[in-house]
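Work through the following exercises with the model at hand. Each one sets a task and then gives a solution in steps.

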Amino acid sequence: MSDEVSSILAQQPDLTKIKPLKTSRPVRFFNAVKHTDQGNIKQTIQVLDNLQNHYAIKRTKDLLQYLNAFSEFPNFNEIRKVGFHYLLFFDYVGKKTLARTYIKPFGLTEKTAKKLLKDLVNGLEKLHAVGFVHTSIQPDNIVMSDTSSYLIGFEHAIPSLTSYEAEVLPEDCRYCPPERLNGQCDEKGDIYQLGCTLFFALTGKHIYRLNKVNDPMDQMWAHTHHSIRKINRLPIFWRYLIVWMTDKNPSNRPSLPDLKMWLKDNTIPEWVRRKVFISSKAFPKDSMEALADEHYAYAIYRKASQMESGGYQASAFNLYENGAFKGFSLAEERLGVMYRDGRCVQRSYSMAAHLFHEAYKKGNPQAAFNLAKMYEVGTGLPQDLFKAFKLFNFSAQRGNLEAQYKLGLMYLNGLGVEQDKSAGFSWLIMADHYGNADARTTLIALKQVEK
């Protein structure tokens, strides 16, 4: 437990016997005893230590309240704000995650593994029914009790839509489905992650042996190209099931009803039974470069970013254009900047605004910020402070520090919105806390004026 998190939890006078639940670093889930007027109760506590993305935090809270209607999930019962942290309280359901559960030489028993699969399928049915996908199904996000298994980690859950959020890879891609490289994030991605997690439950090993592979691009190369390690050591019906669930092509994977049928009678398509296993476990010299050469949108975007920062503007422009043609908002935003600034192309504010708007529609906060600045000063667009405010607000709510600074100024000065100094200071303080130098300078200046 980090000193910072220890201090935060220690500030809560009603909490004792605090113990980490997860093994991954940094630890953000804990079990504790909460003292109430009605007696002592066990709780599981999640610490959210980054409040930049207000929109995602509110969405997570709303989703958890919806999931309270179902016994497949730990009951969410309280949220506390402590400084720049939130504490989310859940009913206690178990003292270990799947990652910490004792794994026998050959993994969980088949009976326990089937119960694990059944519980998670039932939970995912409820989540997918409202258009959300978990996106982070892995051994450390599954809590094991004596009788059931529960998904946690819903701060990663997002709507199953083509969006900026689907394009951004997590920092750790050890359980990330290959199609995420193209910004595709839907129910079949959860099935893939569930298959990888099931392999761990049965063997105690990562499906592609990625525990010591730290580069996200190497991790994604394994998901796009590697074969399952030592798959033939699994019992035959488990072998077929995991091959089916982790097929590189999402359309080939089973649905949740297919998995429920398998739990009844081990139903497997004939093509899965006939599939030939070809061993593949090598990595290229540069996985990002190799994935870009295979036309994966995220890898193309990363390569373009490297070219741009290295001064190869023409190459970067061509690669961003390639990504923008695919509708990839990360590339659309950067291409818009190049059109706005006239780099490697004739300056076109109308083209820049179009690209920013297309990326903004997919939820890209930087694109919204860029478009807001054009409206704020009338660069290539009619000046419109009301539209600028709305776009800055959209971007700020999703964690963009520059937008949070701008939004603070607009509230303080009543630009595009009714003046609200309290809201203005709140946004400036938030931006300052997370490292925006302009916000800090402004706050210092305002304090000096007050003196």
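**Exercise 1. Locate His226, classify its burial, and find which backbone oxygen its side chain reaches.**

Step 1: His226 sits in the loop that runs between helix 6 (216-225) and helix 7 (236-245), where helices (H or I, at least four residues) and strands (E, at least two) are DSSP runs numbered from the N terminus. This is a predicted model, in which local features need pLDDT of at least 70 and side-chain atom pairs count only at pLDDT 80 or more, while totals for chains, interfaces and linings use all residues. Residues are numbered from 1 along each chain as its sequence is written, and side-chain values use heavy atoms, with hydrogens and water left out.

Step 2: With a relative accessibility of 4%, His226 counts as buried, on a scale where buried means under 20% relative accessible area, exposed over 50%, and partly exposed in between (1.4 Å probe, protein chains only).

Step 3: The side chain of His226 reaches the backbone oxygen of Ala282 at 2.7 Å.

**Exercise 2. Describe the second largest pocket by its volume, its central residues and the classes in its lining.**

Step 1: The space in the second largest pocket comes to about 400 Å³. A pocket is, on a 1 Å grid over the protein atoms alone, an open set of points where a 1.4 Å probe fits, with protein on both sides within 12 Å along at least five of seven lines, and its lining residues have an atom within 4 Å of a point. The volume is the space filled by probe spheres set on the points, which are joined across faces, edges and corners.

Step 2: The second largest pocket is lined by 19 residues, of which His226, Ser227, Ile228, Phe277 and Ile278 are the closest to its centre.

Step 3: Sorted by class, this lining holds seven nonpolar, six polar and six charged residues, with Ala, Val, Leu, Ile, Met, Phe, Trp, Tyr, Cys and Pro taken as nonpolar, Asp, Glu, Lys and Arg as charged, and the others, Gly among them, as polar.

**Exercise 3. Characterise the pairing of strand 4 with strand 5, and then the salt bridge that Lys34 forms with Glu78.**

Step 1: Strand 4 (residues 76-82) and strand 5 (residues 85-91) run antiparallel and are joined by six bridges; two strands pair if DSSP finds at least two bridges between them.

Step 2: The two strands form a hairpin with two residues between them, and Gly83 in the turn has a positive phi of about 60 degrees. Lys81 stands opposite Tyr86 in strand 5.

Step 3: Lys34 and Glu78 form a salt bridge whose closest N and O atoms are 2.9 Å apart, the term being used for a side-chain nitrogen of Lys or Arg within 4 Å of a carboxyl oxygen of Asp or Glu. The pair links distant parts of the chain, with Lys34 in strand 2 (residues 29-36) and Glu78 in strand 4, 44 residues apart.

Step 4: Lys34 is buried at a relative accessible area of 9%, whereas Glu78 is partly exposed at 22%.

**Exercise 4. State how many salt bridges are counted, and analyse the one between Arg343 and Glu308.**

Step 1: The count comes to 24 salt bridges.

Step 2: In one of them the side chains of Arg343 and Glu308 meet at 3.0 Å, N to O. Because Arg343 lies in the loop between helix 13 (329-341) and helix 14 (349-361) and Glu308 in helix 11, the pair ties together parts that are 35 residues apart in sequence.

Step 3: Arg343 is partly exposed, with a relative accessible area of 23%, and Glu308 counts as buried at 12% relative accessibility.

Step 4: Both residues belong to a network of salt bridges that links Glu308, Glu333, Arg334, Arg340, Asp341 and Arg343.

**Exercise 5. Give the strand order of the open three-stranded sheet and identify its edge strands.**

Step 1: The open sheet of three strands has the order 6-8-9, with antiparallel pairing.

Step 2: Strand 6 (96-97) and strand 9 (149-151) are the edge strands, each pairing on one side only.

Step 3: Strand 6 is joined to strand 8 (residues 142-144) by two bridges, and the bridge partner of Lys96 in strand 8 is Met144.

Technical notes. Polar contact = N/O pair within 3.5 Å; in protein donor to acceptor, adjacent residues only side chain to side chain.
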